Amino acid sequence: MFRFQDQRLEEIASKVLAGTRLSFDDGMVLATTYDLLGLGQLANYVREKLHGDITYYNVNRHLNPTNVCVASCALCAFAEKYGGSRGWTYTVEEAVEVAAADVDETVSELHIVGGLHPKLGVEYYEALFRALKARFPWVHIKALTMVELDFLSHRAKLPVEQVVLRLKEAGLDSCPGGGAEIFAPEVRAVICDHKTSGERWLEVARTVHRLGIRSNCTMLYGHVEKPEHRVDHLLKLRQLQDETGGFQCFIPLAFHPANTRLAHLPGPTGRLDLQTIALSRLLLDNIPHIKAYWIMLGAKTAQVALHFGANDLDGTVVDERITYAAGGQAGKGMPRAELERLIREARRTPVERDTLYRPRTPIPRPKPVVRESTLPYWSS
Ligand code: V47
């Protein structure tokens, strides 16, 4: 069924076929194997078992109300100190107008994240979400990472639970997965010292899920971390997901070094990109969706990732600023037609989804018994 060059994958394949959960040691084999195509076959098998040929994409818009941040993470090129010349902070009215330039009925999601601004408290975000919901009632607000929620809770001297409940009341629908980086403290000390710890990130996510809000989760790779840090990070996410079931999707984030204090690092290669997608698909047996974020992977690698375990391509985005600030070359947004073209040319079936992975267009009828993706390319 599979063809492996690395025989260690045989044993892991038997586990995958039997539905047996993979261990840390299995994860280390997957994270270090030279057999990229063997690994890809295995991840693709799981991807197709769960989702067939379907590849989700979404029509969304990113909105960063501020880049002013009290943290100064070595990994980040987006943030600016309070009072710094590169900083911006929108009033609620300005933020709504910025969104309004690109949001119409076709847009299903606003993805809202920003810096940890010393003067913006819970009230600002309550007012922002209320104003956005009043103007765009059909739009799902996916906003504020666990790091931002933790900051708002400290700033207001309120338990995170109360912060989340207030924001939910104001219109918060779900949370994005950023800020997780790599959970291991020795890596955090280098890339994001002084930020919310890995343990706390998981604790805030646990609270968010308990309050009925779904979230995504991420891992930033391709900097100073080692394979064991990646495997440990994924297993911690898997463990929390066993408990709460609140993660909708996982997004591996490819590190971009330019303009950061880690600019001397080379950043991940295409091989590490694909290996990380496949590793995530195989270890995260309880998170249904693995997202290829083309902004960070580049459109070409993101397309190939649809055969290495990814089943979701995010998204139209429109105005991306975090990766762009760190030298990202992929662009700031992509038209829906181009997303669909990438998916179709990968011999997959595009399905537009909303943030909760409900199809916005009917799912096409199932394929015939012989699956197109198993046919040789010259057969059609
Ligand atoms: O939180 C920061 C990371 C995240 C850099 O939940 C960097 O659906 C690479 O979380 N190079 C923001 N990465 C992006 C993010 C995201 C993107 C798309 C979808 C979703 C979702 C979430 O990017 C940050 C941080 O973890 N980041 N700086 C950098 N130099």
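The questions below concern the cavities, one pocket and one buried residue of a predicted model.

In this predicted model, local features need pLDDT of at least 70 and side-chain atom pairs count only at pLDDT 80 or more, while totals for chains, interfaces and linings use all residues. Residues are numbered from 1 along each chain as its sequence is written, and side-chain values use heavy atoms, with hydrogens and water left out.

Me: What makes a space in the structure a cavity, and how many are found?
Reply: On a 1 Å grid over the protein atoms alone, a cavity is a set of points where a 1.4 Å probe fits but cannot get out. A search of the whole structure finds three cavities of 30 Å³ or more. The largest has a volume of about 770 Å³, a volume being the space filled by probe spheres set on grid points that are joined across faces, edges and corners.

Me: Which residues line the largest cavity, and what makes a residue part of the lining?
Reply: A lining residue has an atom within 4 Å of a point. The largest cavity has 42 such residues, and Val113, Gly178, Gly179, Glu181 and Ile322 are the closest to its centre. They divide into 21 nonpolar, 13 polar and eight charged (nonpolar: Ala, Val, Leu, Ile, Met, Phe, Trp, Tyr, Cys and Pro; charged: Asp, Glu, Lys and Arg; polar: the others, Gly among them).

Me: What is the volume of the second largest cavity, and what lines it?
Reply: Its volume is about 40 Å³. The lining consists of Gly115, Leu116, His117, Leu120, Tyr125, Glu148, Phe151 and Leu152. Helix H6 supplies the largest share, three residues (helices are DSSP runs of H or I, at least four residues, numbered from the N terminus).

Me: Why is a pocket called a pocket, and what is the volume of the second largest one?
Reply: A pocket is an open set of points with protein on both sides within 12 Å along at least five of seven lines. The second largest pocket has a volume of about 290 Å³. Of its 15 lining residues, Val16, Gly19, Val46, Leu282 and Asp285 lie nearest its centre. H3 gives the largest share of this lining, four residues.

Me: Why is Phe129 called buried?
Reply: Buried means under 20% relative accessible area (exposed is over 50%, partly exposed in between; 1.4 Å probe, protein chains only). Phe129 has 0%, so Phe129 is buried. Phe129 sits in helix H5 (residues 122-135).

Me: What does Phe129 touch, and what counts as a contact?
Reply: Contact means heavy atoms within 4.5 Å. Not counting residues up to four places away in sequence, Phe129 touches Ile112, Ile141, Ala143, Leu144, Leu167, Ala170, Gly171 and Leu172.

How values were computed
Helix = DSSP H or I, 4+ residues; strand = E, 2+ residues; numbered from the N terminus.
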